[in-house]
Amino acid sequence: MHPAISVIFFTVASGAGYGLIALLALSSLITIDAMPTRGVVLSGGIAALCAITAGFVSSTFHLANPRNAWRAMSRFRTSWLAREGLLAVLFYPIAALWLLRWWLGYDDSVITQALAVLTVLWAMATVFSTGMIYACLRTIPQWNTSLTPANYLLLGLMLGSLALTSLRLYWGEPVSRMLVVNIGFLATAGIMKFLYFFWVGTPSGPTVNTATSFNRATVRLFDVGHSAGTFLTQEFGYQPPMPRIRVLRMTVYVLGFIVPAVLVAMGGEFNELMVAALISLAGVFVERWLFFAEARHVVTLYHGRQQV
Amino acid sequence: MRLGLVIDLDVCVGCNACAVACKQWNTSGTTGPLTDYQPYQKNPSGVWFNRIRNFEVGDYPHNKTVHFPMSCMHCEDAWCVTVCPTGASYKRKEDGIVLVDQDKCMGCNYCAWACPYGARELDREDGTMKKCTLCVDRIYDKKLAPEDRQPACVITCPTHARHFGDFDDPNSKVSCVVRERGGQALMPELGYKPTNMYLPPRAVRQEKQHDRRPSLVDRVREWVNRSVMR
């Protein structure tokens, strides 16, 4: 599967943004260390919305005909991409209202708290939909597991928690419990990522036998029928060699989870947390690249592969 | 009415006439011209609805070359329709043909990810996804003679390896031939229920090897025949 940089940036940036704003809203409901101050909520909320918006702008670069992009929410009844678009667009007024009430000083009222609950749930639903866009496809067996939306949620929350802790440190708030939350998310996301890499390693999906209906004999591609590449080979033909995949997986573990965990455990200064957040972000970028690069579409069975 | 194609793998010789006919018919029509990418340069490529892939089944000397013309299967549970966010991809109720509305498609490629057969291709010039239309602009065209109201690939096939008809009619050509020859769907485990069926090659007994020494009678007969001929 050809990893498109625009889609990678979209999923990572929007996932981190939704994670940040969800945890921000959550920390305003259940006091973690202390009630967040107005500065933290507003700056965090606006930063999160900027990240989400940057992600969506990036995703439009993936479209070949963006003129019709406004129609992308119309089939929300069947399409996860439409559902994600609809949830994302409707998230803006909810988050904006919640932030507006904090701006105006109504941070104690029940309405603000209700909006905070709605923000958390809506942000998580949007990230879940993003994961389901990929997980619902039976043509890509690597993605067709529950680990896909689980990883999207956990990695978004992990990046959001690191960003939130950095932000609270910047504004001089206590973070002792947030550091534990960070370690919790880093560990859980790391374990889930390991499970995903373990699960998708061996080809176990459809074979060229079922693809050609010849189940009784060995089937080999003799001639693919075109001398140059096609849309299909360009979109689905990319497969990095296994040594490179192993090195990149190690990079994901080290940059995404291990180094940030060490930095967080070191005590909790703003500089360390900021570096941890950025290193983890780099690790998640590599993880998302691998997510696309390791995917094997069943159409490759018609282009020489024996099993996906 | 469930329209579709049946492709006879026993008869197809891999001549690619169906691919060329499809490309020619779709120079105009509902989906417009199919773009060619650098057609006169080193690596010519382009948008094709019908691609023939060739497989070797079995190991020599018990092998066979099978040619697989593959275009859109017009699946009953077409996930390209389910996942399309704009509604450009739709399945017609009256005849089951899956089409792409070129005015709605935004070229996100999601339907191509959902299609296991590679039926949908992005036309980089138009920015939309294009696929086999089952010649919907041909099969209902009253200005054509009734025998020409078939997909271009079916009419052009020189070995009559392609059949077109209504799978819901148990007496149609396609239903009969699928029943008699045991037509198969490709990748049925994905649950897409493709309409197009492929007829497997007929089981043919291998020609007898002449590994026995000819008998005396045969050798005398052979000598007599030779003498008479010379």
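**Exercise 1. Size up the contact between chain A and chain B: how many residues of each are in contact?**

Start with the count: 59 residues of chain A are in contact with 60 of chain B, where contact means heavy atoms within 4.5 Å. Keep in mind that this is a predicted model, so local features need pLDDT of at least 70 and side-chain atom pairs count only at pLDDT 80 or more, while totals for chains, interfaces and linings use all residues. Residues are numbered from 1 along each chain as its sequence is written, chains are lettered from A in the order in which they are written, and side-chain values use heavy atoms, with hydrogens and water left out.

Next, the area. About 4700 Å² is buried between chain A and chain B, with carbon and sulfur atoms giving 59% of it; buried area is the accessible area (1.4 Å probe) that two parts lose on being put together, summed over both. On the chain A side, A:Arg138, A:Phe231 and A:Tyr302 supply 15% of what that chain buries against chain B, more than any other three residues.

**Exercise 2. Which side chains meet in a salt bridge with N to O at 3.6 Å?**

First, the total: the rule finds 2 salt bridges across the interface of chain A and chain B. The rule asks for a side-chain nitrogen of Lys or Arg within 4 Å of a carboxyl oxygen of Asp or Glu. The pair you want is A:Arg220 with B:Glu56.

Now check the class make-up: the side of chain A that touches chain B has 34 nonpolar, 18 polar and 7 charged residues. Here Ala, Val, Leu, Ile, Met, Phe, Trp, Tyr, Cys and Pro count as nonpolar, Asp, Glu, Lys and Arg as charged, and the others, Gly among them, as polar.

**Exercise 3. Find the strand order of the open sheet that has E1(A) in it.**

Strands here are DSSP runs of at least two residues, numbered from the N terminus, and two of them pair if DSSP finds at least two bridges between them. E1(A) and strand E4 (residues 51–57) of chain B run antiparallel, joined by 4 bridges. Among the partners, A:Leu221 goes with B:Phe55, and A:Arg220 goes with B:Glu56, so that last pair turns up again from the salt bridge.

The order, then, is E1(A)-E4(B)-E5(B), 3 strands with antiparallel pairing. E1 of chain A and strand E5 (64–70) of chain B are the edge strands, each pairing on one side only.
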